[in-house]
Amino acid sequence: MRVLPSASRARTHRPAGRSPRQAGVALIEVLVSILLFSFAILGLVGLQAQAISLSLEADYRSRASLLADEIAAQMWLKKSVTVDNTVLTTWKSKVASSTQLPSGSGDVIPVTGVPNQADILIQWTAPSRRGSTSGTGAPAAVTPSNFVTRVTLPST
C-alpha cells in the first residue's frame, strides 16, 4: 500500500543548487536592469531635446545672416553705408516679421570715426528662452540672441 504525502508535508520544488536565500534574486536583478534602462532612455530624451533646441538656434542664426546679407547688398549697390529710409524701414519690418525671427529686431549702425563702415545688428529671442522662470516664479531675465556683422565698403 502506498502512502501519499499530506498537504502539510508537501515539498516545494527548488532547482538544484539554490538555497532559500537566493530565492527572488533574479527578480531584483530584472528590476535593477529596468531602472538602469529607464535612466538611459531619459538621458537620450534629454539629448534629443537639446539637439532640437540647438538646431532651431542654428536656423535662426542662418536666417539672421541672410537678413544681414540683404541689407549689406543694398549698401553695396548704393556704394554707401547710409541706406534709404524706405529701404531700411522695409528691412526692419521684415526682420521683425514672426515668419523670419521670433521677436526680431534689426538696426544699421554707422561706425563712428571710420568712413564707409557700418555694423548690422540683429536680435531675436527664441521661444525656448522666453518660457523660463526664476525660482521665485517670476519670469527670468531673458538674454536675446545677437547677430552682428560689419560692412566695410571701399573708399571712392
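These legends describe close-up views of a predicted model.

Residues are numbered from 1 along each chain as its sequence is written. In this predicted model, local features need pLDDT of at least 70, side-chain atom pairs count only at pLDDT 80 or more, totals for chains, interfaces and linings use all residues, and side-chain values use heavy atoms, with hydrogens and water left out.

**View 1. The hairpin of β1 and β2.** Strand β1 covers residues 105-110 and pairs with β2 in the antiparallel sense. Six bridges link β1 and β2. Strands (E, at least two residues) and helices (H or I, at least four) are DSSP runs, numbered from the N terminus. Two strands pair if DSSP finds at least two bridges between them. Find S105: its bridge partner in β2 is Q123. Six residues lie between the two strands of this hairpin. In the turn, G113 has a positive phi of about 85 degrees.

**View 2. Strand β2 and its partner β3.** β2 spans residues 117-124, and six of its eight residues are buried. Buried means under 20% relative accessible area (1.4 Å probe, protein chains only). β2 and β3 (residues 145-152) run antiparallel, joined by eight bridges. W124 has S145 as its bridge partner in β3.

**View 3. The largest nonpolar core.** Such a core is a set of buried Ala, Val, Leu, Ile, Met, Phe, Trp, Tyr and Cys residues joined through side-chain atoms within 4.5 Å. This one has 22 residues; M75, W91, L101, I120 and I122 touch the most other members. Two or more residues come from each of α1 (25-78), α2 (85-96), β2 and β3. Helix α1 gives the most, with seven residues.

**View 4. The surroundings of W91.** Contact means heavy atoms within 4.5 Å. Leaving out residues up to four places away in sequence, W91 touches L67, E70, I71, G106, D107, V108, I120 and I122.

Technical notes. Buried < 20%, exposed > 50% of the residue type's maximum accessible area, 1.4 Å probe, protein only.
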